[in-house]
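Visitor: Before we begin, could you show me the model and then take me through its empty spaces, giving the reasoning behind each term?

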Amino acid sequence: MSEFKRPAAVAVGGSGIARSLVIGGDAPVSIQTMWKSPLAGSDLGAVVNGLASLAAIGCDLVRFAVPDEETADALVRLSRLTPMPLVADIHFDYRLALRSLDGDVAKIRINPGNIGGEDRVRAVAEKARDRGAAIRVGVNSGSLPKDLLSMDRAEALVEAAARELAALDKVGFDRVLVSMKASSVPETIRANEAFARRYAVPLHLGVTEAGPLIGGIVKSSLAFGSLLPRGIGSTVRVSLSDSMENEVIAAREILAECGSRRGGVRIVSCPRCGRNGFDVHAFVSRWQRELLSLDRDITVAVMGCVVNGPGEGKHADIGITGAGDSVIIFRKGETVRTVSSGDGVEAVDRAFREELRKL
Ligand code: SF4
């Protein structure tokens, strides 16, 4: 039997037009990102379209910083326009939580310990309960309570989270999730392990201030790759100093490799070398978003040359490779179409799209 507790299932979203989602229990690990620009004053139609694009590549929830009333009101309006479950991220001001809960938000990220007293915690908890929203308490190693600073930092994170949980427990609220984020991978792993030994509360995994694209993905991969296969972690966010799209793509790749998420499109591509007869990098960057948006369970291979291309990609449902002056499209290693490179990128893309549709 696992030394870690099985996370409870917490239902979020589903009020209004928002899609409902279960985090924890037997539900697949969900993917989150955070909107990267101020919501107040934004064109909400454009935000709705942006959320739809994120949903298409596998994003399950999107969190918005709510620093003021104008943003809380915008979030309320947005929640009536999109099926994407939304999360309101609030620091200190419980009135912003109450105001955001006028909308159909799925979750509030707030720490009871810093909103100023039990009455306020109770007010937020009661409204969240009425509105069907969950609460995530988030503890960061950079903002631990002073009396915990002398402890081992992983233990301190667990203790800080336990205090937040106790505050919600006191007002009878149990639709809760917890995140404990440290900027070091070993600390993140130890804190989440220690928490999962003691509590059946679903964990939101993340490495805070993970860094730019490559460093951030490496850190998140190591942390999630250690935790998820052991059943620790019910929802993830890969934090990057990069686009939301890349956060979602990185998360889905990590989940797929951890066996935490099945199905969907898998792109395998060669790194390209001096043998290449086809610009693998350009093709992948042109096609990645469209391929990942397909609601299919397929493998797509993109290879630079015939030396290794069709052979290495023979398990792929569809593949493309350079071959001298030609570009070959193949299925399960068998050539199905040949296009002359001289016909240009558009002809190659058109042929590939036609073959893709036949799958
Ligand atoms: S498939 Fe061809 S181009 Fe790509 S890395 Fe292998 S040998 Fe090089």
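**Pocket and cavity**

Guide: In this predicted model, the lining of the largest pocket is made up of eight nonpolar, four polar and eight charged residues.

Visitor: What makes a residue such as Gly263, which lies among those nearest the centre of the largest pocket, polar or nonpolar?

Guide: Gly is counted among the polar residues, so Gly263 and Gly264 are polar by this scheme, while Arg252 and Arg262 are charged and Val265 is nonpolar. These five lie nearest the centre of a pocket lined by 20 residues, and the elements giving two or more residues to that lining are helix 1 (44–56), helix 8 (244–257) and strand 11 (266–269). Helix 8 provides the largest share, four residues.

Visitor: How do you know that the lining of the largest pocket draws on both domain 1 and domain 2?

Guide: At least three of its residues come from domain 1 (10–257), and at least three from domain 2 (266–357). The space in this pocket amounts to about 430 Å³.

Visitor: Why is the other space, lined by Lys5, Pro7 and Tyr199 among others, called a cavity?

Guide: A cavity is a set of points where a 1.4 Å probe fits but cannot get out, whereas a pocket is an open set, so the term says that this space is closed to the probe. The search of the whole structure finds one cavity of 30 Å³ or more, and the largest cavity, at about 60 Å³, has a lining of seven nonpolar, three polar and one charged residues. Since Lys counts as charged, the charged residue is therefore Lys5.

Conventions. Residues numbered from 1 in each chain as written. Predicted model: local features only at pLDDT ≥ 70, side-chain atom pairs only at ≥ 80, totals over all residues. Heavy atoms only, no water. 1 Å grid on protein atoms, 1.4 Å probe; cavity = no way out; pocket = protein on both sides within 12 Å on 5 of 7 lines; lining within 4 Å. Points joined across faces, edges and corners; volume = space filled by probe spheres on them. Domains from an automatic or database assignment.
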